Amino acid sequence: MAKITKKIKTIKIDADKCNGCRSCEVICSFVHATPKYSSNNPARSRIRVIRHPIKDIWVPVFGGEYTAAECMGRDKYIIDGKEYDECGFCRASCPSRDAFKEPDSGLPLKCDMCEDEPSEEKPLCVQRCMHDFLVYEEREEEVEEEQGKLGDVELHLESLVDKYGLEKVIDTVARIAQK
Ligand code: SF4
Ligand code: SF4
């Protein structure tokens, strides 16, 4: 496969600084609403803050890959004496939980690094974090050329096919196209 130079985008998370204000969730859901800016619902955000105020736990996790099947096992972390929920740090949109799914439709939500916002220098959650808990970094790296990176539409279709079957999805799209 051909090698290409790719800009690698990273959001560095400083786990000691987050205070759980959830501004990152608010701005993400606001910008990715359909139509844009029409609603503001952190349950639709592509970043979710794991929070447990009594145990002083606040950790933002970015939505990652969609998966049709849950893992065979579960991870549980204890860090500095704080115990985090099972699968707490997992980024997957998976059938075992509600995280990283549209609350109404159940469709997967994945962080796109705000790539649909070309005028923005940094992802919006990074800009909104007043405490510099989230730090944006870029670097260039030689990587294998990606074969068709999935956008939101492909991702949603994939999850609908997993749920209803390919035939039903094709029939439905064909019916809608005739309207
Ligand atoms: S980088 Fe953009 S899409 Fe990803 S969580 Fe932050 S605001 Fe949402
Ligand atoms: S905006 Fe920053 S401080 Fe607030 S919850 Fe998000 S990461 Fe934490």
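Trainee: Hi! How far apart do the C-alpha centres of domain 1 and domain 2 lie?
Mentor: They lie 25 Å apart in this predicted model. The domain assignment places domain 1 at residues 3-147 and domain 2 at residues 149-179.

Trainee: How many residues does each domain bring to the contact?
Mentor: Domain 1 contributes six residues, and domain 2 contributes six residues as well. On the side of domain 1 that touches domain 2, four residues are nonpolar, two are charged and none is polar.

Trainee: Okay, zooming out. How many helices and strands are in the chain?
Mentor: You will find four helices and six strands. Their order along the sequence is β-α-β-β-β-β-α-β-α-α. If you want a feel for the dimensions, the C-alpha atoms fill a box of roughly 55 × 40 × 35 Å along the principal axes.

Trainee: And what percentage of the residues is buried?
Mentor: Buried residues are 18% of the 179 in the chain. As for contacts with a separation of 6 or more, 62% of them link residues 24 or more positions apart.

Trainee: Let's go inside, then. Which residues touch the most other members of the largest nonpolar core?
Mentor: Those are Cys 24, Cys 28, Ile 47, Cys 125, Cys 129 and Leu 134, out of 15 residues in that core. Helix H1 (23-31), strand S3 (57-62) and helix H2 (124-128) each give two or more residues to it.

Trainee: Which of those gives the largest share?
Mentor: That would be H1, with four residues. The buried residues of H1 are Cys 24, Glu 25, Ile 27, Cys 28 and Val 31.

Trainee: What covers the buried part of H1?
Mentor: The cover includes S2, S3, H2 and strand S6 (134-144).

Trainee: You mentioned Cys 125. What is it in contact with, beyond its neighbours in sequence?
Mentor: Setting aside neighbours within four places in sequence, Cys 125 contacts Cys 24, Ile 27, Cys 28, Ile 47 and Leu 134. Cys 125 also belongs to the surroundings of ligand 1.

Trainee: Oh, good, I wanted to ask about the ligands. What else surrounds ligand 1?
Mentor: Along with Cys 125, the surrounding residues include Ile 27, Cys 28, Arg 46, Ile 47, Phe 62, Cys 111 and Asp 112. Met 113, Cys 114, Pro 123 and Leu 124 are there too. H1 and H2 are the elements that give two or more residues to this shell.

Trainee: How does that shell split by class?
Mentor: Around ligand 1 there are ten nonpolar residues, two charged ones and no polar ones.

Trainee: And ligand 2, which residues come nearest there?
Mentor: Cys 18, Cys 21, Ser 23, Cys 24 and Cys 129 come nearest, from a shell of 15 residues. By class, the shell around ligand 2 has nine nonpolar, four polar and two charged residues. H1 and S3 each supply at least two residues of it.

Trainee: S3 again! Does S3 run parallel or antiparallel to strand S2?
Mentor: Antiparallel, with six bridges joining S3 to S2, which covers residues 47-52. Within this pairing, His 52 stands opposite Ile 57 in S3.

Trainee: What about the hairpin of S2 and S3, how many residues sit between the strands?
Mentor: Four residues. In that hairpin, look for Asp 56, which takes a positive phi near 60°.

Terms used
Residues are numbered from 1 along each chain as its sequence is written. Chains are lettered from A and ligands numbered from 1 in the order in which they are written. This is a predicted model: local features need pLDDT of at least 70, side-chain atom pairs count only at pLDDT 80 or more; totals for chains, interfaces and linings use all residues. A nonpolar core is a set of buried Ala, Val, Leu, Ile, Met, Phe, Trp, Tyr and Cys residues joined through C-beta atoms within 7 Å. A residue is buried if 20 or more other C-beta atoms lie within 10 Å of its own, exposed if 12 or fewer, and partly exposed in between; C-beta atoms are placed from the backbone. Two residues are in contact if their C-beta atoms, placed from the backbone, lie within 7 Å. A residue is near a molecule or strand if its C-beta atom, placed from the backbone, lies within 6 Å of it. Ala, Val, Leu, Ile, Met, Phe, Trp, Tyr, Cys and Pro count as nonpolar, Asp, Glu, Lys and Arg as charged, and the others, Gly among them, as polar. Domain bounds come from an automatic or database domain assignment. Two strands pair if DSSP finds at least two bridges between them.
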